[in-house]
Amino acid sequence: MDISNFYEEVIAFGILLFSVVALYFMLIWHYRFAFGLMRNTSSYEKHKAKIEKAKEYLFWVLKVLLWLGLTGMFMFGLYYLSEGMSLKALLLELWTKIPEGFWLEAFFVIIRIAVIITLSRYVLKFVYAFLSKNEQRAIENRCDHCREITIVKLYTRLHNMVKYTVLLGILYRITLFFPFLDVASRGLWMLLIMYLTVSVGLLAVNGLTMIKEKRGALS
């Protein structure tokens, strides 16, 4: 192998390792966004220690996966080169399989995803502020026999329903941008429907409990 080919193989090797690191930072960005949504919920302060611990554990797992991915890719690259095969040829082969116009479409997809995430954060802040205000008002104006915990549970479930519905909806919308994630998008859609069904059912139960408490106060 001459010097020029050697440097080309080293660059190809570096690109493969960089792809693992890029995937890691994409996951980090995604989960930071997800945990950022939790900060706007009424239950965040109550469960802050547990949430921060879960966040720390998750990011530790991602770091472990990063090193496993880098190690695996490094071993793959060494094996590939030791067998006399070319990493440069492999990357070029993969590059030729990318359909025409893919990168332009990917650029617009990234822009649309960024817009969706940005708008959702502003909408969630408004919704959370509205729910928190109404929760405080409901607690202050509750009847003598109405328990505060019932009201808190209702609004906590509303907060969680909004939060996770938006989060699942964003993930579902993102997967729709990529045809090869068709199976994942269908799974997310089913998960979203199931979650909404369960959440609405729990809210209905909570609402009936509040109605019973008010009726008990009037009787």
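Read from start to end, this protein runs α-α-α-α-α-α. That makes six helices and zero strands. Keep in mind that this is a predicted model, with a mean pLDDT of 78 across the protein.

**Overall picture**

- Of the 219 residues in the protein, 28% are buried.
- The accessible surface adds up to about 15300 Å², and carbon and sulfur atoms account for 70% of that.
- How much of the contact map comes from residues 24 or more positions apart? Counting contacts with a separation of 6 or more, such pairs make up 74%.

**How confident the prediction is**

- A pLDDT of 70 or more is reached by 85% of the residues.
- Looking at the elements one by one, helix H2 (residues 48–82) has the highest mean pLDDT, at 83.
- At the other end sits H4, whose mean of 77 is the lowest among the elements.

**The largest nonpolar core**

- Eleven residues make up the largest nonpolar core. Leu-124, Tyr-128, Leu-131 and Ile-139 are among them, and so are Ile-151, Leu-154, Tyr-155, Met-161 and Val-162. Leu-203 and Met-210 belong to this core too.
- Which helices supply at least two residues each to this core? They are helix H4 (102–140), helix H5 (148–176) and helix H6 (182–218).
- H5 is the top contributor here, giving five residues.
- Met-161, one of the core residues, is a handy place to zoom in. Setting aside neighbours within four places in sequence, Met-161 touches Tyr-195, Leu-196, Ser-199, Val-200 and Leu-203.

**Aromatic pairs**

- The count of aromatic pairs comes to five.
- One of them joins Tyr-24 and Phe-25, with 5.2 Å centre to centre and 70° between the planes, an edge-to-face arrangement.
- Are these two partners buried or exposed? Tyr-24 has a relative accessibility of 11%, so Tyr-24 counts as buried. Phe-25 is exposed, because its relative accessible area is 52%.
- Another pair is Tyr-164 with Tyr-195, and their ring centres lie 6.0 Å apart. Their planes meet at 80°, so this pair is edge-to-face as well.
- The Tyr-164 and Tyr-195 pair links distant parts of the chain: Tyr-164 lies in helix H5, Tyr-195 in helix H6, and the two are 31 residues apart.
- Both of these tyrosines are partly exposed: Tyr-164 has 30% relative accessibility, while Tyr-195 has 22%.
- Tyr-195 is also on the list of residues in contact with Met-161.

**Helix H3 and its buried side**

- Which residues of helix H3 (residues 87–96) are buried? They are Leu-87, Leu-90 and Leu-91.
- Those buried residues cover an arc of only 95° around the axis, so they sit on the same side of H3.
- A bit of background helps here: an α-helix has 3.6 residues a turn, so residues three or four places apart point the same way.

**A closer look at Ile-149**

- You'll find Ile-149 in helix H5.
- Ile-149 counts as partly exposed because its relative accessibility is 46%.
- Ile-139, which belongs to the largest nonpolar core, is ten residues from Ile-149 in sequence. Going from C-alpha to C-alpha, Ile-149 and Ile-139 are 9.2 Å apart in space.

Terms used
Residues numbered from 1 in each chain as written. Predicted model: local features only at pLDDT ≥ 70, side-chain atom pairs only at ≥ 80, totals over all residues. Heavy atoms only, no water. Helix = DSSP H or I, 4+ residues; strand = E, 2+ residues; numbered from the N terminus. Buried < 20%, exposed > 50% of the residue type's maximum accessible area, 1.4 Å probe, protein only. Contact = heavy atoms within 4.5 Å. Areas by Shrake-Rupley, 256 points an atom, 1.4 Å probe, with all protein chains shown as cover. Core = buried A, V, L, I, M, F, W, Y, C linked by side-chain atoms within 4.5 Å. Phe/Tyr/Trp six-rings, centres within 6.5 Å; stacked < 30°, edge-to-face > 60°. Arc of directions from axis to C-beta. pLDDT = per-residue confidence, 0-100.
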